[in-house]
Amino acid sequence: MSENKASEGWEPRIVAIVCNWCTYAGADLAGISRIQYPPNVRIIRVPCTGRINPFYVVKALQEGVDGVLVSGCHPGECHYITGNLHARRKFAMLKSFLTYIGMEADRTMFTWVSASEGERFAQVIKGVTEAVRALGPATKMVKKI
Amino acid sequence: MESIEKKLREEAKLLLAEKRVDVIVGFEKGTLPLVATPCFIENPDDAEKLVWNACCTQNLAKFVHDVLSQHRASQVRVKPEDRKKKVVGVVGRGCATRSIVLHLQEKQYDRDDVVIIGVPCTGYIDYKKLSGKLGGEEVLDGAAEGDQIKVKTASGEKAIALKDVLAASCLTCRFNNPVISDMMIGDPAPPMDPDHEYDDVNAVEAMSVEERWAFFEKEMDKCIRCYACRQTCPSCYCKTCFVEQSQPRWVGVGEDETDTQVFQIMRMYHMVGRCVDCGSCSSVCPMGVDLRKFLKKLDKDVFELFGNRPGSSLDDQPPLSAYTENDKENFIFNP
Ligand code: SF4
Ligand code: SF4
Ligand code: FES
């Protein structure tokens with residue numbers, strides 16, 4: 001099944017849930033600096049990583065995305081001071097648990113990109129896209145509609 | 001055991017007679033042989049009904065929360081000066097007292113709303129294991145006496161060693177004596193085998209990612225989504241659970257297998273730092289889903305990452321409402 005999709009010119013679909021103050025601005029900077037990065041990501045902007053319900057990640061996987069990326073301000077730089085420090089604990093647990101039940105570790109990625117790191121944003125998207133491409137299309141826990 | 005039961009009844013009777021509690025949550029003899037069922041005792045003379053033995057499976061903290069939250073809801077429309085306080089007494093073993101600690105940390109009620117009659121615990125019966133030992137035969141009569149269980153079935157009488165049918169949670173329990181209590185009945189129970197508590201988890205971790213997924217899929221495939229696990233769990237007390245929420249509808253209500261998987265992942269994820277490994281969910285599951293193998297992983301991670309043992313001390317902070325600046329970051333992706 002994964003081969004079929006791949007041979008049809010399958011492209012990974014990745015959802016990036018990013019915070020407004022850092023990573024979203026970083027993506028903006030990548031854009032205005034005309035840095036190229038793969039067009040495989042769909043960005044969802046949220047106020048802060050602390051606002052991301054881990055359910056979003058699980059739901060996205062169920063809806064059939066091939067990878068989920070969560071990114072926010074570097075620790076210590078959160079606009080709401082500690083949002084990302086709380087998020088870090090939540091996502092450490094989530095990633096470990098999803099891996100434990102047999103989801104591929106690279107389908108859920110977490111990172112930090114600040115507003116001045118347009119270059120890093122492009123690198124992250126490249127890295128995530130390549131990692132997900134290597135895994136092939138998502139098959140686990142995908143709801144068939 | 002006998003003497004614990006006797007003292008327990010005396011103590012409960014006294015508490016009720018002196019009106020120090022309004023109700024006592026404990027166990028009474030069930031309607032089926034070799035089964036104990038949670039009960040609510042309000043009349044001192046009924047304290048005689050209380051039992052304490054290896055048939056007492058459920059985590060009673062669930063009912064403490066139920067009674068107190070219902071009482072609070074009933075007082076909402078009463079004038080503040082006419083509001084009544086309700087105090088619940090509970091027969092509390094290790095896991096139940098840990099759940100009470102979690103409730104207190106989560107500000108569900110106040111410490112003086114509950115009186116904990118601490119009891120030592122030597123573990124309870126896993127009825128699926130027992131049924132295996134009996135070759136699936138129906139229990140006609142039985143009694144749990146110390147470390148022996150006497151069972152009568154159609155093919156005769158049998159004595160089974162309690163340790164052969166103990167629940168998995170009990171075998172490796174680290175807290176089989178109450179972590180908080182207002183009075184203690186009997187001597188502290190001897191320790192179980194906590195050094196091996198993560199053996200099951202380590203075995204799953206040693207599998208390949210595909211094997212783990214196959215295992216998860218197989219277990220979740222059994223689940224009929226009766227939600228008994230949620231109903232019995234003392235940490236599942238939300239007024240509207242996400243599974244019933246319709247705005248947004250987090251999980252579909254059909255029989256799609258991915259909805260069941262999502263339900264399970266999210267219910268278990270909600271147990272991060274909140275599961276006391278009481279085993280109530282596994283014990284009530286009618287389909288024998290091995291929930292503990294997954295929940296225990298969360299317990300292991302929470303301890304390894306944040307050094308937290310849920311509910312073990314009133315001074316702890318729930319791990320997900322805390323942070324430190326140097327929490328582990330090795331899962332962060334760096335291209
Ligand atoms: S008790 Fe068992 S069958 Fe029922 S919802 Fe929970 S895991 Fe599923
Ligand atoms: S998830 Fe299960 S083992 Fe954990 S506290 Fe709830 S009922 Fe007990
Ligand atoms: S505002 Fe960016 S992580 Fe909190």
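This section describes the internal cavities of a predicted model and one helix of chain B.

A search of the whole structure returned five cavities with a volume of 30 Å³ or more. The largest cavity has a volume of about 230 Å³, and its lining comprises 23 residues. Among these, Ser169(B), Cys173(B), Arg174(B), Val276(B) and Asp277(B) are the closest to the centre of the cavity. By class, the lining of the largest cavity consists of nine nonpolar, six polar and eight charged residues. Three helices of chain B, namely α3 (94-105), α5 (168-171) and α11 (292-306), each contribute at least two residues to this lining. Of the elements involved, α3(B) gives the most, with three residues. The largest cavity lies between domain 1 (2-125 + 166-184) and domain 3 (194-330) of chain B, because both domains give residues to its lining.

The second largest cavity holds about 130 Å³ of space. Its lining is made up of 19 residues, and those nearest the centre are Cys275(B), Asp277(B), Cys278(B), Gly279(B) and Cys281(B). Asp277(B) is thus listed among the residues nearest the centre for the largest cavity and also for the second largest. Eight nonpolar, seven polar and four charged residues form the lining of the second largest cavity. Helices α10 (280-284) and α11 of chain B each supply at least two of the lining residues, and the largest share, three residues, comes from α10(B). Helix α11(B) also supplies at least two residues to the lining of the largest cavity. Domain 1 (2-125 + 166-184) and domain 3 (194-330) of chain B each provide at least three residues to the lining of the second largest cavity.

Helix α2 of chain B covers residues 61-75, 15 residues in total. The distance from its first C-alpha to its last is 21 Å, close to the 21 Å expected at 1.5 Å a residue. The buried residues of α2(B) are Ala61(B), Lys62(B), Phe63(B), Val64(B), His65(B), Val67(B), Leu68(B), His71(B) and Gln75(B). In an α-helix, residues three or four places apart point the same way, because there are 3.6 residues a turn. The buried residues of α2(B) pack against four strands of chain B, β1 (23-29), β2 (36-41), β4 (88-92) and β5 (114-118). They also pack against the helices α3 and α8 (228-232) of chain B. Of these two helices, α3(B) also contributes three residues to the lining of the largest cavity.

Conventions. Residues numbered from 1 in each chain as written. Chains lettered and ligands numbered in written order. Predicted model: local features only at pLDDT ≥ 70, side-chain atom pairs only at ≥ 80, totals over all residues. Heavy atoms only, no water. 1 Å grid on protein atoms, 1.4 Å probe; cavity = no way out; pocket = protein on both sides within 12 Å on 5 of 7 lines; lining within 4 Å. Points joined across faces, edges and corners; volume = space filled by probe spheres on them. Nonpolar A, V, L, I, M, F, W, Y, C, P; charged D, E, K, R; others polar. Domains from an automatic or database assignment. Expected span 1.5 Å × (residues − 1). Buried < 20%, exposed > 50% of the residue type's maximum accessible area, 1.4 Å probe, protein only. Contact = heavy atoms within 4.5 Å.
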